[in-house]
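Student: Could you walk me through one part of this protein in detail? I'd like a close look at how a pair of helices packs together.

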Amino acid sequence: MAEDERTNSPDLTASQATATHHSDASGEGQQRLERYALTHADDLHEEPPRTDIFRGLVVDSDPDRDSAYGDSDSSSLTTSLNSSVTDYKYEHGRRYHAYQEGKYVLPNDDAEIQRLELQHRIWQISLSGRLNSAPISENVSSCLDIGCGTGAWAIEFADRHPRCQVTGTDLSPIQPDIVPRNVEFIVDDITSEWLYPQKFDFIHSRAITVGIKDWGALVDQVWKNLKPGGWIEFQEYHFPFTSDDDTLKLCPALDLWNNNLASASAKAGMRLDAILGVPEILQEKGFANVNQAATKWPLGPWAKGKKEKKVGELLERDLLGAIEGTSMRLYTKILGWSEEAVRKHAEEVHDDIRARRAHAYIPIDFLWAQKPIDAVD
Ligand SMILES: C[S@@+](CC[C@H](N)C(=O)[O-])C[C@H]1O[C@@H](n2cnc3c(N)ncnc32)[C@H](O)[C@@H]1O
């Protein structure tokens with residue numbers, strides 16, 4: 001992409017927005033941009049046959065057989081903030097979002113930003129570079145990415161669709177300050193009413209389950225904000241981690257963490273497997289062409305295949321960095337654990353993960369559907 005495409009971003013248009021990021025052309029930002037480009041300088045963007053993406057896992061009897069997949073993953077995008085929505089909350093040594101304080105239980109600090117970038121890499125590998133499964137038009141002109149996190153998906157989508165105006169929304173302004181000209185980021189709560197002045201050709205969301213209590217209400221908003229003929233796509237993981245051969249029980253701390261997380265979330269009003277009920281919600285709402293696909297991300301390099309091994313290694317790193325942050329607010333506020341108990345438990349879970357005794361995986365779900373061309377709002 002040409003450098004000058006990243007030196008401006010459109011003015012804020014959504015009336016409920018509280019902050020927007022505009023690009024700067026600082027040298028520091030340019031360095032970030034270059035590092036970002038490096039993470040994409042591999043062969044992952046080739047469109048593979050879909051069967052290559054959504055495949056199952058086979059235990060590898062020789063875990064060293066497949067060499068590392070793709071390039072080094074040492075480079076990552078860091079962000080700097082330029083926003084008025086930065087009166088962050090600090091708890092247990094972690095930083096949390098300020099806008100609609102308390103709504104989302106995971107941190108938004110540098111460690112979490114790095115983890116989301118790592119997770120973006122896992123999505124890239126898992127989907128062999130594909131960003132979406134919905135058969136959107138090449139001429140897509142408007143796209144909304146809800147709960148966009150670091151904005152990595154939105155930026156990449158904008159790069160690939162230079163004539164599409166891409167809007168990313170999140171509770172946290174943790175997106176980079178240098179972005180393609182056709183991207184804007186808005187601080188917004190996707191569980192409040194969306195007040196965008198225009199409708200979108202494509203609405204995308206990825207890994208927002210932990211923030212959503214009422215998927216019916218979310219689907220209502222999606223319906224209202226899609227153009228007739230437009231597509232919605234959800235990309236989600238759902239808990240708990242599981243194993244097909246019962247080896248998860250060899251990791252009791254991991255198993256306990258897993259189940260506690262699901263039950264604490266349920267007590268807080270969020271089902272971590274809620275995505276499984278969303279196809280029905282979409283159908284009831286009137287969406288057409290409701291499609292589903294699924295894959296599995298192995299935890300650790302136990303599964304056969306280069307791609308599976310790479311995903312497994314990265315997911316292991318991701319989870320080692322996520323256990324404490326994911327659990328702290330939920331376990332202390334909902335389950336009544338002390339901070340010390342959470343930290344001790346997290347260490348035990350880390351030990352289980354590092355021991356690699358289980359053939360554990362997390363199920364990944366892809367769901368896409370179309371608002372009928374003759375839809376009546
Ligand atoms: C696990 S992260 C995923 C980020 C991004 N979609 C990705 O795949 O890299 C979940 C994101 O959802 C955002 N989120 C959670 N609840 C939200 C809400 N009610 N409104 C807007 N964003 C929300 C969080 O701030 C966080 O950035």
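Tutor: Happy to! Keep in mind that this is a predicted model. Let's look at how helix 3 passes helix 8, which is in a left-handed crossing. Helix 3 covers residues 110–126 and helix 8 covers residues 306–320, and their axes lie 10 Å apart at an angle of about 165°. Angles over 145 degrees count as roughly antiparallel, so helix 3 is roughly antiparallel to helix 8. On the helix 3 side, the contact is formed by R115, L118, Q119, R121, I122, I125 and S126. Facing them from helix 8 are K307, K310, V311, L314, L315, R317 and D318. Sorted by class, the residues of this contact are 6 nonpolar, 2 polar and 6 charged.

For a second pair to set beside it, try helix 6 (residues 252–267) and helix 9 (residues 323–334). Their axes are also 10 Å apart, but the packing angle is about 50°, which makes helix 6 oblique to helix 9. Here too the crossing is left-handed. Helix 6 contributes W257, N260, L261, A264, S265 and K267, while helix 9 brings I323, T326, S327, L330, Y331 and I334. This contact of helix 6 with helix 9 has 7 nonpolar, 4 polar and 1 charged residues.

Finally, a word on the interior: the largest nonpolar core holds 81 residues, and C143, A154, F202, I203 and I232 have the most contacts inside it. Strand 10 (residues 360–370) supplies the largest share of this core, 7 residues. Leaving aside residues up to four places away in sequence, A154 touches D145, C148, V166, G168 and V183.

Methods:
Residues are numbered from 1 along each chain as its sequence is written. This is a predicted model: local features need pLDDT of at least 70, side-chain atom pairs count only at pLDDT 80 or more; totals for chains, interfaces and linings use all residues. A nonpolar core is a set of buried Ala, Val, Leu, Ile, Met, Phe, Trp, Tyr and Cys residues joined through C-beta atoms within 7 Å. A residue is buried if 20 or more other C-beta atoms lie within 10 Å of its own, exposed if 12 or fewer, and partly exposed in between; C-beta atoms are placed from the backbone. Helices (H or I, at least four residues) and strands (E, at least two) are DSSP runs, numbered from the N terminus. Two residues are in contact if their C-beta atoms, placed from the backbone, lie within 7 Å. Axes are lines fitted to C-alpha atoms, for helices over the stretch in contact, and angles run from 0 to 180 degrees between N-to-C directions. Angles under 35 degrees count as roughly parallel, over 145 as roughly antiparallel, 65 to 115 as roughly perpendicular and the rest as oblique. A crossing is left-handed if the near helix is turned anticlockwise from the far one by less than a right angle, and right-handed if clockwise. Ala, Val, Leu, Ile, Met, Phe, Trp, Tyr, Cys and Pro count as nonpolar, Asp, Glu, Lys and Arg as charged, and the others, Gly among them, as polar.
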